[in-house]
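Here is a short report on one protein chain, written for reading beside the structure. It begins with charged pairs and then moves to the core, the loops and the model's confidence.

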Amino acid sequence: MARFVAPPLLLLMSAACTSTQPIPPQVFISDLRLLDSSVFEQRFQIDLRIGNPNDFALPLDGITFDLDVNGADFASGFSNEAVTVPRLGEAVLSVTASTTLVDLVQQMMLLAERGDLTYRVQGVAYLDSLARRRAPYESMGTFRLLREQQIKAGWPPQ
């Protein structure tokens, strides 16, 4: 009898477990500031807005990210700062990222030509105390720089 009852019971239990798996967080860039610059490296503070589409809080104890701008690698970074994103809510996490001078100059030239930039941020959010330890994420967005802002910023160079 146990031979006939056990398989459907295991199937039902595994279905119940998968339904409680968290939906990955939504991660967007909310701000980017230059911290310091040298010949070989530029370091930025990037504020990530982390959205939680789940009906329960997401306790994060780390995050990694790669930032592509206009289809090219721009910066990468990680943080071990713990933050709990409330259910159906948001939290902002500041992270430090680094890029090379070559990547930065390429992006400034593209910005001068196009007047806007598209970005893609992807990585892994590490969940603390949930059954699923890793939650990969990916998001995209566009920033448009008005012509007046380009001129004030000195782009394009005269």
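Which side chains meet in a salt bridge at 2.7 Å, N to O? They are those of D68 and R120. A salt bridge here is a side-chain nitrogen of Lys or Arg within 4 Å of a carboxyl oxygen of Asp or Glu. D68 sits in strand β3 and R120 in strand β7, so the pair links distant parts of the chain, 52 residues apart.

This is a predicted model, in which local features need pLDDT of at least 70, side-chain atom pairs count only at pLDDT 80 or more, and totals for chains, interfaces and linings use all residues. Residues are numbered from 1 along each chain as its sequence is written, and side-chain values use heavy atoms, with hydrogens and water left out.

**Overall layout**

The protein chain has 3 helices and 8 strands. Helices (H or I, at least four residues) and strands (E, at least two) are DSSP runs, numbered from the N terminus. The order from the N terminus is α-β-β-β-β-β-β-α-β-β-α. Of its 158 residues, 32% count as buried. Buried means under 20% relative accessible area, exposed over 50%, and partly exposed in between (1.4 Å probe, protein chains only). Contact means heavy atoms within 4.5 Å. Among contacts between residues at least 6 apart in sequence, 64% join residues at least 24 apart.

**Salt bridges**

The count comes to 7 salt bridges. Side chains of opposite charge can pair when their charged atoms come close. Three of the bridges are listed here.

| Pair | Closest N and O | Strands | Separation in sequence |
|---|---|---|---|
| R33 and D47 | 3.3 Å | β1 and β2 | 14 residues |
| E90 and R49 | 3.5 Å | β6 and β2 | 41 residues |
| D68 and R120 | 2.7 Å | β3 and β7 | 52 residues |

D47 is buried at 10% relative accessible area. Its partner R33 is partly exposed at 32%. D68 is buried too, at 10%, while R120 is partly exposed at 26%. R49 is partly exposed, with 32% relative accessibility. Salt bridges that share partners join D31, R33 and D47 into one network.

**The nonpolar core**

A nonpolar core is a set of buried Ala, Val, Leu, Ile, Met, Phe, Trp, Tyr and Cys residues joined through side-chain atoms within 4.5 Å. The largest has 27 residues. Those with the most contacts inside it are I46, L48, I63, F65 and L67. Strands β1 to β8 are the elements that give two or more residues to this core. β3 gives the most, with 6 residues. Beyond four places in sequence, L67 touches residues including I29, L32, I46, F74, Y119 and V121. R120, from the salt bridge with D68, is also among the contacts of L67.

V83 lies in strand β5 and is buried at 17% relative accessibility. Leaving aside neighbours within four places in sequence, V83 contacts L58, P59, L60 and A91.

**Loops and backbone**

Most residues other than glycine have a negative phi. N70 has a positive phi of about 50°. N70 is in the loop between β3 (58-69) and β4 (72-79) and is buried at 14% relative accessible area. L88 also has a positive phi, near 50°. L88 lies in the loop between β5 (83-85) and β6 (90-99). Is L88 buried or exposed? L88 is exposed, at 55% relative accessible area.

N52 lies in the loop between β2 and β3 and is buried at 4%. Beyond four places in sequence, N52 contacts A57, L58, V85, P86, R87, L88 and G89.

**Confidence**

pLDDT is the predictor's confidence in each residue, from 0 to 100. The chain's mean pLDDT is 79, and 74% of its residues reach 70 or more. Among the elements, β5 has the highest mean, 94, and helix α3 (residues 147-152) the lowest, 46. Over residues 14-18 the pLDDT is below 50, and this stretch has 0 contacts beyond near neighbours in sequence. Over residues 148-158 the pLDDT stays under 50, and the model has 11 contacts there beyond four places in sequence.
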